[in-house]
Amino acid sequence: MKSIVILISGRGSNMLALLEAKLPCRVAAVISNRANAGGLGIAKAHGIPTAVIEHRDYADRESFDAALARTIDTFDPDYVVLAGFMRILTAGFVSRYHGRLVNIHPSLLPAYSGLNTHARALHDGVKIHGCTVHFVSSDLDHGPIIIQAALPVLPEDTEQTLAARVLHEEHHIYPQAIRWLCTGKIELNEPGQVVFRGSKQSSFTLFSPALE
Ligand code: GRF
């Protein structure tokens with residue numbers, strides 16, 4: 001059975017969705033860069049080993065990433081799963097876990113990489129927004145895409161309501177992506193494309209606003 005290590009920085013709702021999804025993989029550990037991350041308590045309550053590598057204890061990104069990698073490697077995971085891990089990773093770290101490092105981002109990448117995705121989407125008046133699971137590359141939030149969920153932006157949406165609806169879909173697509181990874185349904189090929197084996201594709205058009 002494959003194993004994963006999950007990296008978090010905060011509340012850990014995506015981590016919880018992964019823990020509750022009964023995935024065909026072992027969650028070897030949850031690691032946080034903040035001792036006060038709410039998700040650490042949830043992981044412990046699920047009997048998952050936890051570790052904290054405080055980024056503030058390190059002089060620079062390189063030394064933090066090296067310490068993080070050393071800790072990850074003690075668990076010898078097949079995949080490293082970023083679930084609300086709010087640190088930019090060095091190119092060295094990313095290449096060490098090439099094809100084994102995945103992230104979830106609250107926008108339809110490549111639109112709205114970075115922070116404050118929902119506020120920026122509302123400001124621009126986009127009618128369709130969503131979330132993305134992707135392999136991590138050294139280009140922030142621009143790695144090869146595994147799965148996306150798209151949803152309409154409603155006229156009455158606030159940043160909070162939009163974030164909540166997107167988060168709800170994050171909790172669907174992240175377990176799906178990790179399930180595909182751990183069962184060998186997808187992999188990153190040499191040119192850096194996500195290859196699917198035998199997946200079903202549904203075809204429909206999301207109109208937003210709806211056609212009349
Ligand atoms: C999620 O919106 C995720 O897409 C982003 O950070 C947030 C983490 O939330 N990278 P949680 O800690 O999983 O609840």
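Buried means under 20% relative accessible area, exposed means over 50%, and partly exposed lies in between. I write this down at the start, since I am working with a predicted model and want the terms fixed before I look up single residues.

**Entry 1, Gly125.** I looked up Gly125 in the loop between helix H5 (117-124) and strand S6 (128-135). Its relative accessibility is 34%, and therefore I enter Gly125 as partly exposed. I also checked how far this glycine is from Leu40, which is 85 residues away along the chain, and found their C-alpha atoms separated by 36 Å.

**Entry 2, the ligand.** I turned next to the ligand, which sits in the largest pocket. Around the ligand I listed Arg11, Gly12, Ser13, Asn14, Gly84, Ile104, His105, Pro106 and Glu170. Sorted by class, this shell comes to 2 nonpolar, 5 polar and 2 charged residues. Looking at where the shell comes from, I noted that helix H1 (13-20) and strand S5 (101-105) each supply at least two of its residues.

Which atoms of Arg11 and of the ligand lie 2.4 Å apart? I found a polar side-chain atom on the Arg11 side and an oxygen atom on the ligand side. For Glu170, I read a distance of 2.7 Å between an N or O atom in its side chain and an oxygen atom of the ligand. At Ile104 the partner is the backbone, where a polar atom is 3.1 Å from a nitrogen atom of the ligand. The ligand on its own has 360 Å² of accessible area, and I noted that the protein covers 86% of this.

**Entry 3, Asp157.** I then went to the loop between strand S7 (145-152) and helix H6 (159-182), where Asp157 has its place. Is Asp157 buried or exposed? Its relative accessible area is 12%, so I entered Asp157 as buried. I looked up the polar contacts of its side chain and found one of 2.6 Å with the side chain of Thr161, and another of 2.7 Å with the side chain of Arg165.

**Entry 4, Ser208 and the cis bonds.** I located Ser208 in the segment after strand S9 (194-196), and I count this serine as buried because its relative accessibility is 15%. Ser208 and Val153 are 55 residues apart in sequence, yet I found their C-alpha atoms 7.4 Å apart in space. The peptide bond from Ser208 to Pro209 is cis, and I read its omega as near 0 degrees; Pro209 likewise lies in the segment after S9.

I recorded a cis peptide bond between Leu109 and Pro110 as well, with an omega of about 10 degrees. Pro110 belongs to the loop between S5 and H5.

**Entry 5, positive phi.** In the loop between S5 and H5 I also looked up Tyr112, which is not a glycine and nevertheless has a positive phi of about 55 degrees. Tyr112 has 14% relative accessibility, and so I count this tyrosine as buried.

Where is Asp141 placed? I found Asp141 in the loop between S6 and S7, and its phi is near 60 degrees, a positive value in a residue other than glycine. With a relative accessible area of 10%, Asp141 is therefore entered as buried.

Notes
Residues are numbered from 1 along each chain as its sequence is written. This is a predicted model: local features need pLDDT of at least 70, side-chain atom pairs count only at pLDDT 80 or more; totals for chains, interfaces and linings use all residues. Side-chain values use heavy atoms; hydrogens and water are left out. A residue is near a molecule or strand if one of its heavy atoms lies within 4 Å of it. A polar contact is a pair of N or O atoms within 3.5 Å; within protein, one must be able to donate a hydrogen and the other to accept it, and residues adjacent in sequence count only if both atoms are side-chain atoms. Accessible areas come from the Shrake-Rupley method with a 1.4 Å probe; for residues, only the protein chains shown count as cover. On a 1 Å grid over the protein atoms alone, a cavity is a set of points where a 1.4 Å probe fits but cannot get out, and a pocket is an open set with protein on both sides within 12 Å along at least five of seven lines; lining residues have an atom within 4 Å of a point. A molecule sits in a cavity or pocket if more than half of its atoms lie within 2 Å of its grid points. Helices (H or I, at least four residues) and strands (E, at least two) are DSSP runs, numbered from the N terminus. Ala, Val, Leu, Ile, Met, Phe, Trp, Tyr, Cys and Pro count as nonpolar, Asp, Glu, Lys and Arg as charged, and the others, Gly among them, as polar. Buried means under 20% relative accessible area, exposed over 50%, partly exposed in between (1.4 Å probe, protein chains only).
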